[in-house]
There are 2 protein chains.
Amino acid sequence: MYEGVVQDLIDELGRLPGVGPKSAQRIAFHLLQADPVDVRRLAQVLVEVKERVRFCAVCGNVAEEETCRICRDQRRDPSVICVVEESKDVVAVERTREFRGRYHVLGGAISPIDGIGPDDLRIRELMTRLADGVVTEVILATDPNLEGEATATYLTRLLRPMGLRVTRLASGLPVGGDLEYADEVTLGRAFEGRRSVE
Amino acid sequence: MYEGVVQDLIDELGRLPGVGPKSAQRIAFHLLQADPVDVRRLAQVLVEVKERVRFCAVCGNVAEEETCRICRDQRRDPSVICVVEESKDVVAVERTREFRGRYHVLGGAISPIDGIGPDDLRIRELMTRLADGVVTEVILATDPNLEGEATATYLTRLLRPMGLRVTRLASGLPVGGDLEYADEVTLGRAFEGRRSVE
């Protein structure tokens with residue numbers, strides 16, 4: 001519908017996740033009217049990200065060098081590994097400042113519907129990391145949904161026989177939430193995991 | 001939170017309209033995992049759009065040359081001008097295949113709240129186009145909302161004394177809609193604009 005390159009831009013933007021045809025059009029017109037310097041900076045960072053960013057050879061997290069910032073940090077406890085699905089989960093855990101160990105990014109979760117099995121995840125790499133006996137605890141921090149639970153169950157079966165401590169993040173009521181609005185599964189888990197008050 | 005260039009990308013994407021921090025992160029990770037060729041093509045089209053696209057010297061529509069495709073098209077009726085707010089409205093009208101005249105893109109609508117007055121729109125350019133007497137009808141196709149109506153009223157006052165036919169797009173029930181769900185203003189307009197059945 002638009003002249004050449006404007007339509008190209010709308011098409012390219014429409015390929016991004018969560019960007020429908022209307023949003024693509026809106027973003028395209030925003031860019032058409034934006035300062036050329038800003039648009040060139042966005043184009044530049046797109047090129048740079050593909051040139052410079054790779055995935056950490058140890059944990060699979062995003063990295064600008066052979067290994068990521070966390071794997072290079074000697075102050076991080078090498079005896080605990082927190083297993084997550086994606087790099088963005090690393091950021092979520094880091095934000096809590098509760099965890100001082102290392103990570104392992106699986107690159108997804110087991111999902112038969114999407115055709116993702118254990119071999120499609122970085123599970124073999126995890127087993128290799130555990131081989132030298134330095135790691136004593138593996139925290140399974142996959143998402144608390146069907147796929148994440150299935151992945152955690154699969155990993156538990158694999159890791160338990162190795163004599164490691166295998167833990168799973170607690171399920172329960174979100175802090176600041178209303179008990180009234182909690183779904184029954186969450187509320188059930190909160191009962192199951194109840195703790196004595198000191 | 002992320003390493004250098006990944007955070008830069010999330011920041012740049014988050015500046016786009018309708019892209020919040022979570023979407024920016026999702027798009028960034030999509031791009032990180034995407035084929036480098038695809039990402040480079042997006043970067044390239046961003047640069048090209050700013051280099052090649054400008055606004056038509058006659059009507060204000062997006063154009064890759066001095067004037068836009070529609071203004072250059074000799075088969076379009078030069079006696080009718082359809083006034084719209086944005087280039088995307090040109091595309092919407094073109095899609096109907098109902099209109100064979102020319103356009104005039106105002107670049108927005110009068111909105112005191114946003115500090116947009118008549119002088120911020122391409123109204124002076126419209127008056128210049130009307131000076132030679134070729135145009136006999138001006139169709140006001142601004143949005144049927146507060147700002148669009150205010151702009152249409154303003155233009156009507158300006159154009160009527162020039163002896164032109166000034167028309168406004170019909171308001172009424174959307175085709176395929178339910179009368180029951182129409183808001184009272186739209187339903188009121190539909191009554192007001194009712195027509196005899198032949």
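**A parallel sheet and its helical surroundings**

In this predicted model, the UniProt annotation "zinc finger region: C4-type", taken from an unreviewed entry, spans residues 56-71 of chain A. Along that stretch the chain is 19% helix and 12% strand, and the C-alpha atoms at its two ends lie 8 Å apart.

We turn next to the sheet of chain A. Strands of a sheet pair through backbone hydrogen bonds, in either a parallel or an antiparallel sense. Here, 4 strands form an open sheet in the order S4-S3-S5-S6 (chain A), and the pairing is parallel. Its edges are strand S4 (102-105) and strand S6 (165-168) of chain A, each of which pairs on one side only. On average, neighbouring strands of this sheet are turned by 25 degrees against each other, direction ignored.

The pairing at the S4 edge can be followed residue by residue. Strand S3 (residues 80-84) of chain A joins S4(A) through 4 bridges in the parallel sense. Within this pair, Val84(A) is found opposite Val105(A), while Cys82(A) has Tyr103(A) as its bridge partner. The connection from S3(A) to S4(A) passes through H5(A), and this β-α-β crossover is right-handed. Although S4(A) is an edge strand, both of its faces are covered. Arg102(A) and His104(A) are buried on one side, and Tyr103(A) and Val105(A) are buried on the other.

The connecting helix deserves a look of its own. Helix H5 (residues 87-96) of chain A lies across S3 and S4 of chain A, and runs at about 155 degrees to S4(A). Buried residues in H5(A) include Ser87(A), Asp89(A), Val90(A), Val91(A) and Val93(A). The packing partners of the buried residues of H5(A) are strand S2 (62-63), helix H4 (69-72), S3 and S4 of chain A, together with helix H2 (21-33) of chain B. Just after H5(A) comes Arg97(A), with a positive phi of about 55 degrees.

At the other edge of the sheet, strand S6 of chain A holds Thr167(A). Thr167(A) counts as buried because its relative accessibility is 17%, under the 20% cut-off. Leaving aside residues up to four places away in sequence, Thr167(A) touches Glu137(A), Val138(A), Ile139(A) and Leu140(A).

Helix packing completes the picture. Two packed helices are described by the angle between their axes and the distance between the axes. Between the chains, helix H1 (residues 4-14) of chain A packs with helix H3 (residues 36-52) of chain B at an angle of about 145 degrees, the axes being 9 Å apart. The crossing of H1(A) and H3(B) is left-handed. On the H1(A) side, the residues in contact are Val5(A), Val6(A), Asp8(A), Leu9(A), Glu12(A) and Leu13(A). They meet Asp38(B), Arg41(B), Leu42(B), Val45(B), Leu46(B), Glu48(B), Val49(B) and Arg52(B) in H3(B).

Within chain B, helix H6 (residues 123-130) and helix H7 (residues 146-159) pack at about 35 degrees, with 12 Å between their axes. H6(B) passes H7(B) in a right-handed crossing. Here Ile123(B), Leu126(B), Met127(B) and Leu130(B) of H6(B) meet Tyr154(B), Leu155(B), Leu158(B) and Leu159(B) of H7(B). In general, an α-helix has 3.6 residues a turn, so residues three or four places apart point the same way.

Technical notes: Residues numbered from 1 in each chain as written. Chains lettered and ligands numbered in written order. Predicted model: local features only at pLDDT ≥ 70, side-chain atom pairs only at ≥ 80, totals over all residues. Heavy atoms only, no water. UniProt positions renumbered as here; feature names shortened; annotations may be inferred. Pairing = 2+ DSSP bridges. Axes fitted to C-alpha atoms, helices over the stretch in contact; angles between N-to-C directions. Contact = heavy atoms within 4.5 Å. Buried < 20%, exposed > 50% of the residue type's maximum accessible area, 1.4 Å probe, protein only. Right-handed = clockwise from strand over helix to strand, strands pointing away. Left-handed = near helix turned anticlockwise from the far one by under 90°.
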